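Work through the exercises below with the coordinates loaded. Each task is followed by a solution in steps.

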Amino acid sequence: MNIQETKEQICDICHKMWQLGWVAANDGNVSVKLEDGTILATPTGMSKSFITPEKLILIDAQGNVLQSAEGLRPSSEIKMHLRCYEKRPDVKSVIHAHPAGATGFAVAHRSMDMYNMIEDVAAIGSVPLTPYGTPSTSEVPDAIEPYLEEHDVMLLENHGALTVGADLLTAYYRMESLELWAKISINAIILGGSYDISRENIDKLINLRGYYGVTGRHPGYKKYPRREQGAPTDR
């Protein structure tokens with residue numbers, strides 16, 4: 001895929017995120033690491049519904065702007081993206097959004113350490129709730145760094161969700177799967193409870209990742225301690 005095709009794919013994903021209601025106003029950001037190590041990123045202060053190829057910004061691994069349209073600059077949260085690329089050489093795309101279901105868990109201070117959906121057990125595994133960090137500062141990348149070794153999907157406390165992937169579509173599909181899973185889990189809790197698959201079957205599902213060629217990291221079977229403050233989990 002050449003750089004123009006990559007730009008068009010980023011724009012397509014941005015438009016989908018807006019249409020699905022994962023972002024509003026200027027929310028969210030998307031980036032892709034190119035073969036030469038430079039990074040295409042969405043600009044700050046712009047709705048994802050208005051993103052076009054010429055508005056994307058080219059930066060280096062330190063966040064320095066290499067190419068941009070006049071008056072545009074990278075997302076204020078580019079530091080979070082750069083940390084993902086620094087710590088995970090296998091990651092070539094990062095997406096941050098505020099999908100309502102998953103962000104509801106983040107706002108309620110509840111990790112998604114559930115094993116109740118077959119597809120998500122195999123593809124994503126449990127999703128941690130990373131500590132609170134002030135947006136646009138180093139607090140957010142510092143908060144997510146301990147989780148990057150094992151996880152491709154994270155909830156950002158009182159903030160939203162983050163997914164990474166070996167390519168843009170993989171990162172997007174992970175966000176899409178996370179949001180549907182969150183909505184199903186919320187419905188299950190409303191209906192009386194969310195029930196995990198047996199541990200034996202969880203292990204079988206995780207082992208299928210190799211068979212299906214799933215890339216990225218998986219934490220295995222993992223539960224997270226409750227936050228000292230905020231709503232408790234349903235465990």
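The exercises treat salt bridges and burial in this predicted model.

**Exercise 1.** Find where Glu 179 lies, and decide whether Glu 179 is buried or exposed.

*Solution.*
Step 1. Glu 179 belongs to helix α6, which covers residues 168-190.
Step 2. The relative accessibility of Glu 179 is 3%. Buried means under 20% relative accessible area, so Glu 179 counts as buried.
Step 3. With neighbours within four places in sequence set aside, the residues in contact with Glu 179 are Trp 22, Pro 99, Ala 100, Gly 101 and Ala 102.

**Exercise 2.** Characterise the salt bridge between Glu 179 and Lys 183.

*Solution.*
Step 1. The N to O distance between the two side chains is 3.9 Å. The cut-off is 4 Å, so the pair of Glu 179 and Lys 183 counts as a salt bridge.
Step 2. Glu 179 and Lys 183 are 4 residues apart in helix α6, so about one helical turn separates them.
Step 3. Compare the accessibility of each partner: Glu 179 is buried at 3%, whereas Lys 183 is partly exposed at 43%.

**Exercise 3.** Describe the salt bridge that Lys 16 forms with Asp 12.

*Solution.*
Step 1. The closest N and O atoms of Lys 16 and Asp 12 are 2.9 Å apart.
Step 2. Both residues sit in helix α1 (residues 3-19), with a spacing of 4 residues, about one turn of the helix.
Step 3. Partly exposed covers the range between 20% and 50%. Lys 16, with a relative accessible area of 30%, is therefore partly exposed, and Asp 12 at 37% is partly exposed as well.

**Exercise 4.** Describe the salt bridge of Asp 203 and Arg 199 in the terms used above.

*Solution.*
Step 1. The closest N and O atoms of Asp 203 and Arg 199 lie 3.5 Å apart.
Step 2. The two residues are in helix α7 (residues 199-212), 4 residues apart, which means a separation of about one helical turn.
Step 3. Asp 203 has a relative accessibility of 34% and counts as partly exposed. Arg 199, at 45%, is also partly exposed.

**Exercise 5.** Which residues are joined into one network by salt bridges that share partners, and how many salt bridges does the whole structure hold?

*Solution.*
Step 1. Shared partners link Arg 83, Glu 86, Lys 87, Asp 142 and Glu 145 into one network.
Step 2. A search of the whole structure gives 15 salt bridges.
Step 3. As background, side chains of opposite charge can pair when their charged atoms come close.

Conventions:
Residues numbered from 1 in each chain as written. Predicted model: local features only at pLDDT ≥ 70, side-chain atom pairs only at ≥ 80, totals over all residues. Heavy atoms only, no water. Buried < 20%, exposed > 50% of the residue type's maximum accessible area, 1.4 Å probe, protein only. Contact = heavy atoms within 4.5 Å.
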